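Hi everyone, thanks for making room for me today. I'd like to walk you through one model, starting in the middle and working outwards. Have a look at it first, and then we'll go strand by strand.

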Amino acid sequence: MALSASPEKIRVTLDGTELSLERTGRGPPILLVHGLGGPAMWERVVPLLGDRCETIVPHLPGFGESPPPGRPFRAEDHAQLLARLLDEVDLRGVTVAGTSYGGEIAALLAVSRPDRIEALVLICPTGTRRHAVLLRAPMLRKALRRLLRNMLPNRRIAEALSRSSFHDVSSRPPGLVDRYLEHLGRPGNLECLVWAVTDIWSRGDRLPGIIRGLAFPVRVVWGGNDRTIPPNRAASLERAGDHVRTIILEGCAHSVALEKPDELSRIILPKV
């Protein structure tokens with residue numbers, strides 16, 4: 001499959017799973033991996049990258065315009081699907097940037113396809129703090145999923161979670177919560193979100209070990225006011241090796257790509 005030079009939306013099927021993606025511009029390739037907020041996380045960054053590189057934004061299964069996969073997907077499954085995408089379009093020299101859950105997915109992708117990746121940018125990634133070991137018990141995971149099915153579509157809870165992810169809530173894109181709730185109302189999407197949250201909370205701080213053996217640069221970006229995943233977690237990643245560099249952006253919280261798109265786009269852009 002070849003990607004054309006004009007901005008477009010593309011849908012591909014990889015190993016039986018449908019994947020929608022958006023491609024903009026031409027030049028050094030950048031793959032942007034979203035987190036639980038979906039591809040809308042990147043809407044302010046893409047225009048800043050598009051005229052200097054080839055930007056590819058996949059919609060992970062059950063998010064954005066990609067249909068649910070019909071089975072539970074873990075971070076490893078998302079990473080393997082993106083690895084197949086890189087193989088399918090034969091992309092090399094890729095800069096991969098992932099935010100929140102997408103950061104953990106991006107790191108797993110980097111490990112599986114190191115020959116195709118030139119740099120890795122992790123933005124407030126999951127996989128950096130230890131969660132309750134009890135959640136590894138099947139009965140407790142089932143109880144958590146039942147609780148999440150009731151909580152996540154609740155407007156008050158969605159609004160509170162959204163506000164807490166911004167340092168300055170006035171910088172939040174208009175209608176962001178409405179778009180989130182509309183998305184969850186589509187068949188199967190809520191279940192995908194529930195499985196993703198359960199996946200995050202069922203594991204420990206494995207990300208330092210994942211990136212330790214990488215041979216290319218890793219830039220770790222954190223919002224200095226992040227209350228979702230505190231910025232002190234960046235230290236564990238920086239200790240993974242001399243190839244890791246940490247950048248703290250003050251005046252923003254967990255939604256770095258929406259609060260500080262200019263600064264983040266300059267960090268993500270390949271150094272040419």
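**Around the middle of the sheet**

Let's begin with one pair: Leu32 has Ala97, in strand β5, as its bridge partner. Before going on, a word on the ground rules: this is a predicted model, where local features need pLDDT of at least 70 and side-chain atom pairs count only at pLDDT 80 or more, while totals for chains, interfaces and linings use all residues. Residues are numbered from 1 along each chain as its sequence is written, and side-chain values use heavy atoms, with hydrogens and water left out.

When I say helix or strand, I mean DSSP runs numbered from the N terminus, with at least four residues for a helix (H or I) and at least two for a strand (E). Two strands pair if DSSP finds at least two bridges between them.

So who sits beside β5? On one side, strand β3 (residues 29–33) pairs with β5 in the parallel sense, over 4 bridges. Strand β6 (residues 117–123) also pairs with β5 in the parallel sense, over 6 bridges. Among those β6 partners, Leu122 goes with Gly98 and Ile123 goes with Thr99.

Is β5 mostly covered or not? Strand β5 (residues 94–99) is mostly covered, with 6 of its 6 residues buried; buried means under 20% relative accessible area, exposed over 50%, and partly exposed in between, using a 1.4 Å probe and protein chains only. In a regular strand the side chains alternate between the two faces of the sheet. Here Val94, Val96 and Gly98 are buried on one side, and Thr95, Ala97 and Thr99 are buried on the other.

Strand β4 (residues 54–59) is mostly covered too, with 6 of its 6 residues buried. One face carries Glu54, Ile56 and Pro58, the other Thr55, Val57 and His59, and all are buried. β4 runs parallel to β3, joined by 3 bridges, and Ile30 has Thr55 as its partner in β4. With strand β2 (residues 17–24), β4 pairs in the antiparallel sense over 5 bridges, and Glu22 stands opposite Val57.

**The whole sheet**

Zooming out, 8 strands form an open sheet with mixed pairing, in the order β1-β2-β4-β3-β5-β6-β7-β8. Its edge strands are β1 (8–14) and β8 (244–249), each pairing on one side only. From one strand to the next, the twist averages 20 degrees.

**One residue in β2**

Glu18 lies in strand β2 and is partly exposed, with a relative accessible area of 33%. Which residues does Glu18 touch, leaving aside its neighbours within four places in sequence? They are Arg11, Val12, Thr13, Ser66 and Pro67, where contact means heavy atoms within 4.5 Å.

**Two helices**

Finally, helix α4 (residues 138–151) packs with helix α7 (residues 189–201) at an angle of about 135 degrees, their axes 10 Å apart. Axes are lines fitted to C-alpha atoms, for helices over the stretch in contact, and angles run from 0 to 180 degrees between N-to-C directions. From α4, Arg141, Leu144, Arg145, Leu148 and Arg149 take part, meeting a set in α7 that includes Leu190, Glu191, Val194 and Trp195.

That's my tour, so please ask away!
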